[in-house]
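Let's take a walk through this one together. Have the sequence and the 3D view ready, and we'll go piece by piece.

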Amino acid sequence: SKPCLDSIGTTIFTVMSALAAEHKAVNLGQGFPDFACDPALVDAVTQAMQAGHNQYPPMVGVPVLRQAICHKIVALHQRQYNADTEITITAGATQGIITAILAIVRAGDEVIVLEPCYDSYVPNIELAGGVAVRVPLTPGTFRPDFAKIAAAMTPRTRAIIINSPHNPSATVWSDADMQALQNMLAPTDVLLISDEVYEHMVFDGQQHQSAARFDGLAARAFIVSSFGKTYHVTGWKIGYVAAPAFLMAEFRKVHQFNVFTVNTPVQYGLAQYMANPAPYLELPAFYQRKRDLFRTGLAKTRLKLLPSEGSYFQCVDISEVSDLGEADFCQWLTREIGVAAIPLSAFYGNGFDQRVVRFCFAKQDQTLQSALQRLQKL
Ligand code: PMP
Ligand code: GLN
């Protein structure tokens, strides 16, 4: 018999980072910061290790971290989750997402994904025996098309996965978008997985519309977040999931048998560090400045800028610069110009090519400047 993931290759992020290293290109492909995290966070984790927090934590995460997360969600979104029954610490958002999917999706269940989407969702659904139903975001603007989403719903629809701020398009869902989703789901028992890993990176004074802000969504949602994004520590692989107790109980049954527990000292360190909200409150301004620096430079090239409302990504249209398809363009750009990017086709099931590529601007200013210098040659 065939291996069940026979159509799955190596993720684009690994492929492009390897190519960038091979060609000594400036790596604006895979999304990760190239600058240090706050030394106070490293101190907090070091102190937790020195204090002896080095054995298995409780299966669902250490209480102080779950409580800190609850405090943050109340402060930002006015919803009180129960730290004991409704929050679980995960090994990054990646494990949170697959665990939520494995907890709720059974053979033949349909899960709606909005394309382009993060590359783990569809393989996760298929691993669970489910069927991914791909609904395109509106071409060009990447806004949700609720008529199309509603048309994709069937009696077999088990869940829908959303992601705002959005990877890769950098769009942000509005209050009206979330209301529309809430109204659409109201007469159904369809569950929601809300991937909010870029929750603290929303620009131009917009508000992140967490599913936690909407009664009708929160009651059916797994909300997934990642400390890696918020605190510039993607290599620590730690995040959390918030969900109503009846869903979290199912989630934990899977969690205990795929990862069991997550790194103890990092949990204690984060709990202490989170007491100060300043680092995440300052994040929008921090990244908006980098976005603007990068966009100002790109505006001097023939790459056409798309909006970047949130996340740490900037998409550009390459059609005035090259006749290549976007995947070939990214290879060429890495080898010949020395800048790595990610083709948007990697976020679609059928390789749809709209001549758009994604850059990550979570980089030191000098890294962005050196990428821009190279991109001026286009
Ligand atoms: N979802 C999205 C949309 C992402 O961009 C990422 C970042 N890789 C993840 C999930 C996974 O996050 P983590 O690194 O915490 O597993
Ligand atoms: N989320 C990051 C991105 O989209 C990194 C993902 C990964 O390396 N798996 O680039």
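A residue counts as near a molecule if its C-beta atom, placed from the backbone, lies within 6 Å of it. Keep in mind that this is a predicted model. With that cut-off, 13 residues surround ligand 1, and the closest are Gly92, Ala93, Thr94, Asn167 and Ser226. Which helix gives the largest share of this shell? That's helix α4 (residues 92-104), with three residues. As for character, the shell around ligand 1 splits into three nonpolar residues, nine polar ones and one charged.

Now look for strand β3, residues 110-115. Five of its six residues are buried, so the rest of the structure largely encloses β3. Strand β4 (residues 131-136) runs parallel to β3, and six bridges join the two. If you want a spot to zoom in on, valine 113 has arginine 134 in β4 as its bridge partner. Put helix α5 (residues 121-127) together with β3 and β4, and you get a right-handed β-α-β unit. β3 also pairs with strand β5 (residues 157-163), again in the parallel sense, over four bridges. There, glutamate 110 has threonine 157 of β5 as its bridge partner.

Time to zoom out. The protein chain is divided into domain 1 (12-30 + 282-375) and domain 2 (39-276), with their C-alpha centres 26 Å apart. Where they touch, domain 1 puts in 23 residues and domain 2 puts in 24. On the domain 1 side, the elements giving two or more residues are α13 (283-298) and β10 (313-317), and α13 has the largest share, five residues. That side of domain 1 divides into 13 nonpolar, seven polar and three charged residues.

Note on methods:
Residues are numbered from 1 along each chain as its sequence is written. Chains are lettered from A and ligands numbered from 1 in the order in which they are written. This is a predicted model: local features need pLDDT of at least 70, side-chain atom pairs count only at pLDDT 80 or more; totals for chains, interfaces and linings use all residues. A residue is buried if 20 or more other C-beta atoms lie within 10 Å of its own, exposed if 12 or fewer, and partly exposed in between; C-beta atoms are placed from the backbone. Two strands pair if DSSP finds at least two bridges between them. A crossover is right-handed if, with the strands pointing away from the viewer, the path from the first strand over the helix to the second runs clockwise. Ala, Val, Leu, Ile, Met, Phe, Trp, Tyr, Cys and Pro count as nonpolar, Asp, Glu, Lys and Arg as charged, and the others, Gly among them, as polar. Domain bounds come from an automatic or database domain assignment. Two residues are in contact if their C-beta atoms, placed from the backbone, lie within 7 Å.
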